Amino acid sequence: MSIRLIALDLDGTLLDSKKNLPERNRESLLECVRQGIHVVPCTGRNVVGVPDEVRQIPGIRYAITVNGGILADMEKNQVLDERLISPETAVEIYDMVSQYHVMCDAYIQGGGISRRYCFEHMDEYGVAPEVQEIVRRTRVPVDSVRGYIKEHNCKVEKLNMFFSHPEERAQVRRKLEERGDVLISSAFSYNLEINGFGATKGEGLLRLAQILGVKQEETMAFGDGENDFSMIEKAGIGVAMANGEEKLKERADYIAPSNDDAGVAQIIEKLVLSHSRSDS
């Protein structure tokens, strides 16, 4: 099979459970780049949240971030395409969730902001320790996220909500779905991710492939969670991780070993690199 673009979810997929990049995965990505294949992080994180050990692999230039809301050229620090939430809609959503015990961050202009109290008390909102580390590295604390958006009238790449109470998470999800003007997904059992229309990993994958002159059937995607459904379905070859959600596995063409077993590398070695070697 001829693959020219590989899109990779990060958490639970390319990275292991400790949020590190397994060496076997790194080596397989390096070999893909050597063979002219576009290796593209495809994540719910913003550009700043793409780990250095991934973005510093020579040849990794493009990224699909905030669930497809931003297509970024990391080398030129340039946005190629965007699908954002209007400031008015973002403020309305903040007002709607204000009655709940929720930590609601906003991704804006490649970075993130978080209400200072929430930032300093993440344990109250059920945020896992390894995710807390990412939040501290990628967010700027502000007095009021809602106030910041309203004052600066800025479009929002994504809203990320953390809940300590599953029933409140379910209630908020129902209310957001009733709005009908945003997309809702999640990467963890305790969060919700809110995007504008067109901001899915699958749509982002297809838009980037078009920009790079890559056919849909020449793409491959790896994922593990709900926010990966669309790209697993739209990629020429969709691969779900063994540690991933069962509904995602049902949509996939292949099941990779788990993220803690360098499952990404195992599938790339078998389906992409072995094919390339046999052609040479």
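In this predicted model, strand 12, helix 10 (residues 229-234) and strand 13 come together as a right-handed β-α-β unit. The two strands of this unit, strand 12 and strand 13 (residues 237-241), run parallel and are held in register by 4 bridges; along the way, A221 sits opposite G238 in strand 13. Strand 12 also has a partner in strand 1 (residues 5-8), again parallel and again with 4 bridges. Here L5 is the residue facing T219 of strand 12.

How much of strand 12 is buried? For residues 219-223, the tally is 5 of 5. In a regular strand, side chains take turns between the two faces of the sheet. Strand 12 shows this nicely: T219, A221 and G223 point one way, M220 and F222 point the other way, and all of them are buried.

Helix 7 (residues 145-152) has something going on at its start, where a side-chain oxygen of S144 comes within 2.8 Å of the backbone nitrogen of G147. Just past helix 7, N153 adopts a positive phi of about 50°.

Next come the cysteines. A disulfide is a covalent bond linking the sulfur atoms of two cysteines. The count for this model is 0 disulfides. Why does C104 not form one? Its closest cysteine sulfur, in C118, lies 8.8 Å away, too far for a bond, given that a disulfide needs the sulfurs within 2.5 Å. C154 is left out because its closest cysteine sulfur, that of C104, is 13 Å off, also too far for a bond. Both residues are tucked away: C104 is buried with a relative accessible area of 7%, and C154 is buried with 10%.

Methods
Residues numbered from 1 in each chain as written. Predicted model: local features only at pLDDT ≥ 70, side-chain atom pairs only at ≥ 80, totals over all residues. Heavy atoms only, no water. Buried < 20%, exposed > 50% of the residue type's maximum accessible area, 1.4 Å probe, protein only. Polar contact = N/O pair within 3.5 Å; in protein donor to acceptor, adjacent residues only side chain to side chain. Pairing = 2+ DSSP bridges. Right-handed = clockwise from strand over helix to strand, strands pointing away.
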